[in-house]
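Good morning, and thank you for coming. Please take a moment to look at the sequence and the structure before I begin.

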Amino acid sequence: MATKTWQKQSDDIPVCQRSLFYWILRKHRGIQLLLLVIILTSLFFRVFPLEMQRRIINEAIHLRDEQLLFLYCGLYIGAVLLAGITKYLINVIQTVLGQKILMEMRTELYHHILQLPLQFYRKMQPGTVISAMTAELNSIGFFLGGALAIPVTSILSFLVFVGFMFTLSPLLTLLSISIYPLELIVIPLLQKRYNRLNKKRIKTTRAMANVVNEAISGIHEIHANAAYDLEEKRMAGFIDRLYSLLKRLLFVKYGIKFANNLFQSVGPFILFLIGGYLAINGQFTLGALVAFLSAYEKVYDPWKEMLEYYQALQDAQVRYKQIMQIFDVEIEHLILPGGRGIIELQGAIELKNVGFTVESGVKLLSNITMQIRPNEQVALVGFSGSGKSTLALLMAQLYKLSSGSLQLDGYDINTMSKADISRNITMIAQHPFIFTGTIRDNLLYSVRAAADGEQEVPARRRIMMTIRDVGLEEDILRFGLNSVIPYERVAPLKRKFLRMRHIIIHELHEDYTKSVEIYDARKFLHYSTLRDNLIFGDSLRGRYTVESMADDHDIMELLTSTGLENELVRLGLAIARVTIELLGEFGDDEFFFRGNPMESGEFERYNSLVQELGDEAPQKKQDRTMFLKLALRFIPGRHNIVTMDPALESAITEARETFLNDIVKVDLETCCHGIEDFQMEQNLLDLPRFEQERDFIAYCPSEYLYSHTLLDNLLFGALKEELRENQHLIENAMDAFRRERLVDEIIDVGLDFNVGSQGDRLSGGQKQKVAIARAFLKQGRILIMDEATASLDNTSQGKIQQVVDKKFRGKKTIIAVIHRLDLTPSYDRIFVLKAGSIIEQGSYDELMAQKGAFYELAKST
């Protein structure tokens, strides 16, 4: 419990009510003290060179003492160097300190944001939250590191330089700094104007971000309705407003710079006028004048830094207050219970006169009273908008009651912590959220987020069973078969994958030979590319791709010495000419290029090149490379656009032998014998092995082809037709794998399929099944299903309902919001809602016998 990462609250002051300087004064005091020591040390090294300037002129040069000159110059350059080093250290420490404080601020604020009630997110645009947490906080981070160091450094530096100047000439010092009070009046006035405009700019930027976010989220509606002009008009208003604000901001910003530069120029004017007069009349030494001039140039730097600091402070405070105001919402429930352990519920639920009203005053639920016994399975049904889902959300503590009481095993739900709820209640939403990551990550999300962090990850057997229960097995098998598996993952499973390959080739030999052309090093492969025919393998580092082969010295030397280069270029040119002739009128429509080695996006380029060549053969290297690539992509058995000369097939097969034996050092004889052994019922242990840890992997039966999918590896050959035409082979293979308990290995690979951002690589039904499986894997006594199967087909809905009825009866309390009333007979009781109130309750048979509202609903569906 003590180590749980949820315990982040380190102060009684709510995070959104802390001042900006709370973070600065209470964080990393050790680093801040070190920074102060370095600042104080740096002051000496900044002032010391000024004294050396005076002495170099008044003493060393005046007395013509070379030894003294070298000494003072050495001391001068040493002090300058040390001043630079200390300045560098100050800048680095400031930056590190600022980022550390920003990291803690962002972490604690995000911790707070995650706990905000759902009602907050109902009215808050995601773009506002994202902008506040990222770009707006970043700009504050640059200020945080120097929040103390800059004013301390600037003030002390200013005082030290003024003090030094005063020792040289009190009169000149007073005259030189007499303009600073005026600057203190003008600059803050301009800064206040800048702050007001900046607030408006931030609000406008957030509003514009929300419009962009909304447009992207609803892009399908925009396309469907061709609402481009409408959305552009919405955006144009914000763009114009932002332009106007930025224009005014820049006027004020450059006005501040103009004022700074003007005040900075007045000082030297006074110094040259009065100081020059005093020097001419012998009242001021030349060395003192030079030192005074240098000191004055330096005294303005800390003054300017203080003015810039004031501007940065105002800007940071404006941003900080606006960010914190957004999220200054009370958290409804504690994460962890105070002074007690996490409650273990039995599953009893009791509601008395429960009501729920939204902020607008609309009452969604009224006087809901019901009791649910432990392990009872109840269904919530009713008319649209009757409050079924709202009631389910109240039971899951996702909404807060407006009136009445809701108790779980006698505990008031308002006093229960989130840890109590998370331990005991599992919720499946109608539109579940799928997180970026793998299917495995999403399935185990609830388990890993268990309240006490001690719930063990389910055993693989239970995960597999749950996947089958919800109907995900076929999908995950497909993901697994189409996965390219990294080397380290293959290593422990290689023997099992080879066993699967052996089953397909040997046990399903008849179906296999009809559907697949096996990789045989002695034969030309009509259903593989000419590139695969030539090199018969892959480089783990991607060396021998079609795109790179024309630039590979070994490959081109092989093609040239065998005469294949000219033949392949000639073949590529023939493919291009026929393609242009046949598909010229169709342009670059991808549909017509599916049986062609040329890609639709390349059509125009090849068309221009062919027209330029006419009847001539290509001579330029880049032209020949293009046609060579086209030929290397050619699959004779699939691309019927040209007929390939059998002599060329033989030449490529002979070149393959040279490539394997001489260039990549593969024992071709061993590979060929492996094919024969593999096609017979040969023990896998007896298959010839090749040395590991090498770059090139040949298409030999004892090898796993790491750049290919798992399915390609199992088939160990090229399909003669599309996969959908060979589905029977895959189905028969799966049946054979199940008999030998090998299917789980493929599912385990499929669990590492990346679902994309918000699960966009999954269908709606697949997302729903993942969410249901995620809930089934979590151990909790109460399961709430808010139309959890609504996105599924009828067969899948019925299957999951059977799982709920058989596996969870007597083990969990089930509350299911159901739209399909034909699924309700298996529930112990049914509650019928209308207009936010319960109008009927009872078993399916009782309600049907009453012939009331439920009866009418059932008959109308």
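I shall speak about one pair of helices, then a single helix, and then two tyrosines. Please keep in mind that this is a predicted model.

Let us begin with the pair. Helix α17 covers residues 473–481 and helix α31 covers residues 743–750. Their axes lie 7 Å apart, and the helices pack at an angle of about 75°. Angles from 65 to 115 degrees count as roughly perpendicular, so α17 is roughly perpendicular to α31. Which residues of α17 and α31 meet? On the α17 side they are E473, I476, L477, F479, G480 and L481. On the α31 side they are V743, I746, I747, V749 and G750. Sorted by class, this contact comprises 8 nonpolar, 2 polar and 1 charged residues.

I turn now to helix α27, residues 646–663. With 18 residues at 1.5 Å a residue, α27 should span 26 Å. Its end C-alpha atoms are 25 Å apart, which agrees with that expectation. Which residues of α27 are buried? They are L648, E649, I652, T653, A655, R656, F659 and L660. If one looks down the axis of α27, these buried residues fall within an arc of 165°, and therefore they line one face of the helix. The face turned away from that buried side carries P646 and E654, which are exposed.

One residue of that buried face, F659, leads us to the next topic, since F659 is also in contact with Y544.

Y544 sits in the loop between β8 (537–539) and α22 (546–549). Is Y544 buried or exposed? Its relative accessible area is 2%, and buried means under 20%, so Y544 is buried. Leaving aside neighbours within four places in sequence, the contacts of Y544 include R531, I535, D552, I663 and F696, in addition to F659. Y544 and M500 are 44 residues apart along the chain, and their C-alpha atoms are separated by 28 Å.

The second tyrosine, Y512, belongs to helix α20, residues 509–515. Y512 is likewise buried, with a relative accessible area of 1%. Not counting residues up to four places away in sequence, Y512 touches I504, I505, I518, L715, F716, G717 and L729. How far apart in space are Y512 and A733? From C-alpha to C-alpha the distance is 9.8 Å, although 221 residues separate Y512 and A733 in sequence.

Thank you for your attention.

Notes. Residues are numbered from 1 along each chain as its sequence is written. This is a predicted model: local features need pLDDT of at least 70, side-chain atom pairs count only at pLDDT 80 or more; totals for chains, interfaces and linings use all residues. Side-chain values use heavy atoms; hydrogens and water are left out. Axes are lines fitted to C-alpha atoms, for helices over the stretch in contact, and angles run from 0 to 180 degrees between N-to-C directions. Helices (H or I, at least four residues) and strands (E, at least two) are DSSP runs, numbered from the N terminus. Angles under 35 degrees count as roughly parallel, over 145 as roughly antiparallel, 65 to 115 as roughly perpendicular and the rest as oblique. Contact means heavy atoms within 4.5 Å. Ala, Val, Leu, Ile, Met, Phe, Trp, Tyr, Cys and Pro count as nonpolar, Asp, Glu, Lys and Arg as charged, and the others, Gly among them, as polar. The expected span of a helix is 1.5 Å times one less than its number of residues. Buried means under 20% relative accessible area, exposed over 50%, partly exposed in between (1.4 Å probe, protein chains only). The arc is that of the directions from the helix axis to the C-beta atoms.
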